[in-house]
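Reader: I'm new to this one, so could you take me slowly through a single part? I'd like a close look at the place where the two protein chains meet, and then whatever connects to it.

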There are 2 protein chains.
Amino acid sequence: MVNERGAGRRRDTTQTVCAAIREDVVSRVFAPGERLTEESLATRYRVSRVPVREALRTLEAEGFVHSRPYAGTFVAEISETEAEDLLGLRALIEPFGAERAAARRSQLHLARLELVLAEAGELLRDGRHAGLARLNTSFHQLLAEASGSPDTAALVAQLGNKIAWVYSVELPRRANDSWREHAEILQALRDQDPERARELVADHIRRAQQAYRLRGSKGVRTPQHG
Amino acid sequence: MVNERGAGRRRDTTQTVCAAIREDVVSRVFAPGERLTEESLATRYRVSRVPVREALRTLEAEGFVHSRPYAGTFVAEISETEAEDLLGLRALIEPFGAERAAARRSQLHLARLELVLAEAGELLRDGRHAGLARLNTSFHQLLAEASGSPDTAALVAQLGNKIAWVYSVELPRRANDSWREHAEILQALRDQDPERARELVADHIRRAQQAYRLRGSKGVRTPQHG
DNA sequence: GCCGTAACGGTTGTATGCAATCTTGCTGCC
DNA sequence: GGCAGCAAGATTGCATACAACCGTTACGGC
């Protein structure tokens with residue numbers, strides 16, 4: 001998964017390991033509350049403890065793990081109320097970003113968003129819902145980046161990862177509506193209409209929240225497929 | 001090794017270094033855009049490069065520095081619009097936290113907040129405005145923690161640090177009004193009135209924003225690139 | 001004189017080793 | 001039987017050492 005030293009890529013070990021651990025936390029390979037020993041992680045990803053430790057410091061700042069000196073690093077545990085609050089925070093921040101994105105978006109941003117929208121359209125037509133989750137993440141991330149606020153984009157990314165972790169479930173039911181809403185949002189960006197963009201995103205997030213809540217509780221992995 | 005930190009504290013080197021670097025960035029000992037070499041930091045804080053590197057990973061996740069592999073670590077540069085957006089984000093998140101704090105606050109939270117309020121009252125009576133900045137930060141941080149949402153508290157802490165960095169300027173003028181507003185907020189928490197708490201904090205932040213803006217972007221160092 | 005190129009110094013990235021500390025399981029006592 | 005205290009093992013924290021890489025500069029060809 002990591003480690004392609006033979007192929008010559010010897011750089012970026014720390015970042016690669018960080019992404020790998022985050023992935024394994026989000027996908028629940030490591031259970032919440034589980035202790036992560038540096039040595040076992042180092043063995044798992046075929047690196048030494050140093051990049052593992054650095055990756056853990058990043059993940060700790062992001063809230064995926066927490067560590068006590070000399071005691072070790074543990075996968076974070078998220079309560080139900082905390083999970084709810086994550087959705088609440090996203091419901092605040094994404095509309096904020098969308099409002100600014102409508103005012104500041106560049107042609108490049110628009111083009112990227114349209115590309116994602118087009119790809120999603122194809123997947124929808126073909127009934128292949130598998131790749132939609134990734135495109136959905138991309139759309140929201142690009143939207144946040146179009147805001148021109150690096151902090152907003154960073155927050156959206158972090159919250160998105162955490163939400164994907166807690167609510168490890170996709171909502172294929174809503175896919176058609178969801179992407180129709182995405183299209184409207186993009187149109188508001190084209191029109192440079194900040195207020196409409198903000199409200200559309202606010203509604204969009206609100207509906208997604210309701211879907212999440214209906215679909216099931218946090219932590220429990222609902223067996224499903226897209 | 002010459003670990004002469006404090007009175008023989010041999011643990012927590014990384015966290016100590018992290019806080020020290022953050023402090024030096026916020027207080028502009030290190031200028032925005034400046035390159036930070038690990039060796040010089042290690043020398044400055046009398047540690048080896050390892051804890052320095054780990055501290056830098058944390059600070060990178062927090063957005064105070066950014067680094068490229070093999071190229072080095074640089075103090076971040078914040079544009080004026082980004083600074084504005086920081087205030088906007090705080091204006092979203094703190095009321096959100098206050099609303100929940102009013103519903104979830106414990107007696108311990110109330111007691112801590114009252115303590116801070118009392119201390120500030122004394123300083124105000126004595127005309128000693130020096131320590132107020134710290135108490136102000138404490139009040140807002142405690143308020144965020146009272147929300148019972150770790151993510152909210154973490155965001156408030158991060159945003160607060162960054163705002164203190166960008167707008168490195170205090171506003172003694174507003175001190176009396178500000179603390180009167182703090183007292184009202186605390187009362188709303190006692191009354192367990194979420195809506196009132198949210199609105200009071202929203203107004204409070206809004207007034208602080210105006211004060212910042214009037215004061216000018218004196219603290220904002222326009223990035224000079226080459 | 002200009003540009004491509006190769007070597008050098010400086011810096012970052014990773015691995016290893018050892019001391020300090022925590023956790024775990026056991027012992028002995030109540 | 002349960003719990004405090006302790007020893008052994010396991011794990012973390014930090015320092016040192018070495019390898020990989022980047023930017024710069026001196027050099028030579030054109």
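Author: Let's start right at the contact, which takes 29 residues from chain A and 28 residues from chain B; contact here means heavy atoms within 4.5 Å. Before going on, a word on what you're looking at: this is a predicted model, where local features need pLDDT of at least 70, side-chain atom pairs count only at pLDDT 80 or more, and totals for chains, interfaces and linings use all residues. Residues are numbered from 1 along each chain as its sequence is written, chains are lettered from A and ligands numbered from 1 in the order in which they are written, and side-chain values use heavy atoms, with hydrogens and water left out.

Back to the contact. The size of an interface is often given as the accessible area lost when the parts come together. For chain A and chain B that comes to about 2600 Å², with 59% of it on carbon and sulfur atoms; buried area is what two parts lose, with a 1.4 Å probe, on being put together, summed over both. Three acidic residues stand out: Glu54(A), Asp85(A) and Asp151(A) supply 21% of the area that chain A buries against chain B, more than any other three residues.

Charge shows up again in the pairings. Side chains of opposite charge can pair when their charged atoms come close. Between chain A and chain B the rule finds 10 salt bridges, a salt bridge being a side-chain nitrogen of Lys or Arg within 4 Å of a carboxyl oxygen of Asp or Glu. In one of them, Arg100(A) meets Asp85(B), with N and O 3.1 Å apart. There are also eight residue pairs in polar contact across this interface, both residues at pLDDT 80 or more. A polar contact is a pair of N or O atoms within 3.5 Å; within protein, one must be able to donate a hydrogen and the other to accept it, and residues adjacent in sequence count only if both atoms are side-chain atoms.

Which parts of chain A do the touching? Helix 1 (13-26), helix 3 (49-62), helix 4 (80-104) and helix 7 (150-166) of chain A each give at least two residues to the side facing chain B. Helix 4 of chain A provides the largest share, 11 residues. (Helices, H or I with at least four residues, and strands, E with at least two, are DSSP runs numbered from the N terminus.) By type, that side of chain A has 10 nonpolar, eight polar and 11 charged residues. For that split, Ala, Val, Leu, Ile, Met, Phe, Trp, Tyr, Cys and Pro count as nonpolar, Asp, Glu, Lys and Arg as charged, and the others, Gly among them, as polar.

Helix 3 of chain A is worth following further. Within this helix, Arg57(A) and Glu60(A) sit three residues apart, about one turn, and they form a salt bridge with their closest N and O atoms 3.3 Å apart. Helix 3 of chain A also gives the largest share, three residues, of the surface near DNA strand C.

That brings us to the DNA. Around DNA strand C there are 24 residues, the closest being Thr13(A), Ser48(A), Arg68(A), Arg49(B) and Arg53(B); near means that a heavy atom of the residue lies within 4 Å. Sugar and phosphate make up 73% of the atoms of DNA strand C within 4 Å of the protein. Take Ser48(A): a polar side-chain atom of this residue is 2.6 Å from a phosphate oxygen of DNA strand C. Chain B joins in too, with a side-chain N or O atom of Arg35(B) 3.4 Å from a sugar or linking oxygen of DNA strand C.

Now for DNA strand D, which has 20 residues around it, with Arg49(A), Arg53(A), Thr13(B), Thr14(B) and Ser48(B) nearest. A polar side-chain atom of Arg53(A) comes 2.5 Å from a phosphate oxygen of DNA strand D, while a polar backbone atom of Thr13(B) is 2.4 Å from a phosphate oxygen of DNA strand D. Strand 1 and helix 3 of chain A, plus helix 1 (13-26) and helix 3 of chain B, each supply at least two residues to the surface near DNA strand D. That surface divides into eight nonpolar, five polar and seven charged residues.
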